[in-house]
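Here are some questions about how the terms used for a model are justified. Each answer sets a value against its definition.

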Amino acid sequence: MVHAHPGRRSRGGTAAVSHLDPQVFATYLERTRWFGGKGRAYDVTDVSTIGTLPGEPPLVVVHLVEVTYADGSDGGEAGVELYQVPLAFYEHPEQRLDHAFVGWWEDPDHGWVHAYDALHDREAMALWQRAFDDAAESPDGTMSSDGLVFHRLPGHDLDLDAQSSLFSGEQSNSSVRYGEDALMKVFRKVTPGRNPDISVHEVLTEAGSTHVAHLYGWLETVQDGEPVQLAMLQQFLRTATDGWELALASVRSLYADLDVHAHDSGGDFAGEASRLGEALREVHETLHEHFPAERRPASAARELADAMVGRLEAAAAVVPELAEHTGRLRGAYDAVAGLGDLDVQQVHGDLHLGQTLRTSIGWKIVDFEGEPAKPLAERQLPDSPWRDVAGMLRSFDYAPRVVQRSLGIEDGPDAELLEQRAQEWAERNKNHFLTAYAGGGLSAEQQTLLDAYVADKAVYETVYETRNRPSWVGIPLQAVAKIGAP
Ligand SMILES: Nc1ncnc2c1ncn2[C@@H]1O[C@H](COP(=O)(O)OP(=O)(O)O)[C@@H](O)[C@H]1O
Ligand SMILES: [Mg+2]
């Protein structure tokens with residue numbers, strides 16, 4: 001247990017290995033893909049152990065690493081983050097795990113210890129799998145061990161022979177697959193409270209939804225009476241292909257022969273777009289049934305419009321090109337302010353084609369954590385389903401433009417024809433998606449709300465692109481230019 005901050009109390013649990021140097025964690029965080037604080041000044045201000053996995057060897061201890069940012073407001077919530085780092089300890093160096101080496105220490109009780117990020121270690125990952133299996137044996141589906149509580153849902157026997165491997169594309173979390181049997185998503189940045197990814201998957205699984213991977217279980221610990229959810233175990237979708245990759249492939253096939261219109265192209269995506277729209281409608285309907293939903297009074301629509309205007313003003317300060325569009329954007333938001341009642345419910349919150357998977361039996365939607373940048377309390381709140389729809393529409397708009405840029409053909413001799421095909425592809429798939437989602441045309445109110453959410457998202461994208469890929473800002477600006485245009 002480290003008390004880098006004098007006077008700070010440890011979070012409890014058994015400290016199996018003591019004297020972990022916070023600097024070692026700081027160095028390790030910098031090397032990972034999932035640490036969100038790169039580029040900001042910070043200190044590792046606490047390292048606590050929250051539990052030891054049952055069934056060693058190897059000894060695996062789940063650590064929470066507290067990061068405090070220099071630019072955070074007086075150590076307020078935004079200035080402090082907790083990251084989950086499970087470590088596997090070995091007496092001797094394990095060369096097979098060199099790439100996941102975190103540090104080594106001389107420990108008074110254990111002698112030399114070599115610590116590795118446990119997610120890379122098959123031996124270590126088998127401990128989670130066995131603990132989840134044990135939980136299924138108990139009558140209430142839970143198993144507690146040293147502060148860690150494993151929960152299981154009935155209906156699936158884990159394959160204990162399946163070997164683990166870490167997904168290579170890890171971003172803000174780390175996902176480990178167990179053969180073709182199960183996938184465990186280990187949340188890296190953790191916050192006390194219920195993670196919507198787990199609660200939504202639980203509800204949709206229990207409701208028999210065919211549009212999500214079944215939830216098998218989850219792992220949590222309890223601190224100060226509140227759950228801190230650490231990991232989620234779910235069905236591994238063996239036949240899945242990423243929806244975003246499929247969309248890009250469809251666009252590439254369209255661009256291979258520019259004489260052919262999108263609707264005649266062999267790689268046409270419209271049927272998939274329709275099925276995706278149906279999938280989202282069904283998911284929204286089930287979420288509406290099982291989570292609190294409400295019809296908010298007219299003041300809520302005005303607040304929503306105000307928030308959108310606020311984001312527009314902040315964005316305009318960063319993206320000068322927005323200036324010529326602010327009049328029409330405000331018009332779109334004003335229309336929302338005049339809407340009256342506003343229906344809200346549990347939604348996805350961060351939906352785009354990259355959160356969809358096409359399996360042999362249909363579309364699945366993944367990752368119900370909500371927008372990663374928002375605090376958990378906000379991500380748990382009901383929201384308008386049109387936010388999700390808008391996210392998908394923006395994704396359909398991006399796909400053809402991303403292919404143009406990745407092929408380096410956006411300024412070539414066929415630029416005009418290419419742009420025509422890009423628009424055809426985007427419009428065609430947006431229309432199919434939307435018609436299937438809404439079961440026909442949209443009412444005027446629905447269209448007003450959708451336009452505003454699309455505008456809000458595109459404005460956000462202009463800021464993102466200006467900061468990260470300035471030469472791409474034309475993509476969302478093109479969308480912004482269409483808002484409210486005749
Ligand atoms: N049940 C699953 N089966 C197979 N692959 C999955 C499953 N769930 C997610 N994936 C893959 O893992 C990627 C990341 O999953 P996601 O839940 O979106 O995590 P993150 O929070 O890291 O974005 C997805 O884009 C998808 O390709
Ligand atoms: Mg995701």
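Q: What makes glycine 208 stand out just after α3?
A: Glycine 208 has a positive phi of about 80 degrees. The model is predicted, local features need pLDDT (the predictor's confidence in each residue, from 0 to 100) of at least 70, side-chain atom pairs count only at pLDDT 80 or more, and totals for chains, interfaces and linings use all residues. Residues are numbered from 1 along each chain as its sequence is written, chains are lettered from A and ligands numbered from 1 in the order in which they are written, and side-chain values use heavy atoms, with hydrogens and water left out.

Q: Why is helix α3 called largely enclosed by the rest of the structure?
A: Buried means under 20% relative accessible area, exposed over 50%, partly exposed in between (1.4 Å probe, protein chains only). In α3, residues 196–206, 10 of the 11 residues are buried, so the helix is largely enclosed. Among the buried ones are Ile198, Val200 and Leu204.

Q: Why is histidine 114 called buried?
A: Its relative accessible area is 11%, and the cut-off is under 20%, so histidine 114 counts as buried.

Q: What is histidine 114 in contact with, leaving aside its neighbours within four places in sequence?
A: Contact means heavy atoms within 4.5 Å. The residues in contact with histidine 114 include Phe89, Tyr90, Glu91 and Trp104.

Q: How do you know that Gln355 and Asp367 coordinate the magnesium ion (ligand 2)?
A: Donors are N, O and S atoms within 2.8 Å of the metal (3.2 Å for Na, K and Ca); water is not among the atoms, so sites may look incomplete. Gln355 (OE1) and Asp367 (OD) coordinate the ion at 2.2 to 2.4 Å.

Key. Helix = DSSP H or I, 4+ residues; strand = E, 2+ residues; numbered from the N terminus.
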